[in-house]
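Thanks for joining. Let me put the structure on the screen, and then we will go through its charge pairs, its core and its overall fold.

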Amino acid sequence: MTDLSAFNDDERARIIEAPGVVMKGAIVADGSKNAIAFLKEVTAGAKVFREAQRHTNPLVKAVALELKGRGDTVERDRELPFTDEAMTVALKEAEGAVALLRERGDAADAEAYADWLLRLATEIARAVRSKEAGFFSRKVDISEGERVFIEQLKAAVGR
């Protein structure tokens, strides 16, 4: 198991903060500014963070518990502060955190962490069904913008 204490302060911060940044990127990926949709997405993200506190992988669990201990839970972000830049930052931070874990940590921990980031983005994307093409179109589980973000995230974390 990779222990968070094996990393310096900056590296540890990157690993711990990447899930929150990915959450913000996933929230803006649909392009919606709807407050109700935002709350549903934040709630979905919070659920994934709570599940991670009981994760079978010790590193993912340690990161989630560290976030909880800091008070950096997603529930405090209950306003619409995110910009489209959040997607770019999320991809960069996710890529850097996973690369760091692959380089200096246990391979199983790096894979579990990457899977967690992808699950987080996917569950947020599924939180709100949206219409893609207009009035007569059917609702989709994941919008085109969210699908593109998830595909880019998969590439960033080596999936």
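Salt bridges come up first. This is a predicted model, and a search of the whole structure turns up 11 of them. I will take three.

Start with Arg119 and Glu51. Their side chains meet in a salt bridge, with N to O at 2.5 Å. This pair links distant parts of the chain. Arg119 sits in helix α5, residues 107–126. Glu51 sits in helix α2, residues 35–52. The two are 68 residues apart. Buried or exposed, where does Arg119 fall? Arg119 is partly exposed, at 36% relative accessible area. Glu51 also falls in the partly exposed range, at 25%. With 20% as the cut-off for buried, Glu51 at 25% does not count as buried.

Next, helix α6, which covers residues 144–156. Here Glu144 bridges to Arg147, and the closest N and O atoms are 2.4 Å apart. Why can these two reach each other along the helix? They are three residues apart in α6, so about one helical turn separates them. In general, side chains of opposite charge can pair when their charged atoms come close. Glu144 is partly exposed at 39% relative accessibility. Arg147 is partly exposed too, at 40%.

Stay in α6 for the third pair. Lys154 and Glu151 form a salt bridge, N to O at 3.5 Å. Again the spacing is three residues in α6, so the separation is about one helical turn. Lys154 has a relative accessible area of 31%, which means partly exposed. Glu151 comes in at 40%, also partly exposed.

Which residues do shared salt-bridge partners join into one network? Glu51, Arg119, Glu123 and Arg126. So our opening pair, Arg119 and Glu51, belongs to that network.

Now the core. The largest nonpolar core holds 43 residues. Four of them touch the most other members: Val63, Tyr113, Trp116 and Leu153. Which elements give two or more residues to this core? They are α1 (9–28), α2, α3 (58–70), α4 (85–104), α5 and α6. The largest share comes from α5, with 11 residues.

Take Trp116 as an example. Leave aside its neighbours within four places in sequence. Trp116 is then in contact with Pro19, Val48, Phe49 and Ala52. It also contacts Val60, Val63, Ala64 and Leu67. Val63, one of those contacts, is itself among the four core residues that touch the most other members.

One more residue, Glu85. Glu85 lies in helix α4. At 56% relative accessibility, Glu85 counts as exposed. Its C-alpha is 8.9 Å from the C-alpha of Val28, although the two are 57 residues apart in sequence.

Last, the whole protein. How many helices and strands are there? Six helices and two strands. The order along the sequence is α-α-α-α-α-β-β-α. So the two strands come between the fifth helix and the sixth, given that elements are numbered from the N terminus.

Then the totals. The protein has 159 residues, and 42% of them count as buried. Consider contacts with a separation of 6 or more. Residues 24 or more positions apart account for 75% of those. The exposed surface is about 8300 Å², and carbon and sulfur atoms supply 50% of it.

That is my tour. Questions, please.

Definitions and conventions. Residues are numbered from 1 along each chain as its sequence is written. This is a predicted model: local features need pLDDT of at least 70, side-chain atom pairs count only at pLDDT 80 or more; totals for chains, interfaces and linings use all residues. Side-chain values use heavy atoms; hydrogens and water are left out. Helices (H or I, at least four residues) and strands (E, at least two) are DSSP runs, numbered from the N terminus. Buried means under 20% relative accessible area, exposed over 50%, partly exposed in between (1.4 Å probe, protein chains only). Contact means heavy atoms within 4.5 Å. Accessible areas come from the Shrake-Rupley method with a 1.4 Å probe; for residues, only the protein chains shown count as cover. A salt bridge is a side-chain nitrogen of Lys or Arg within 4 Å of a carboxyl oxygen of Asp or Glu. A nonpolar core is a set of buried Ala, Val, Leu, Ile, Met, Phe, Trp, Tyr and Cys residues joined through side-chain atoms within 4.5 Å.
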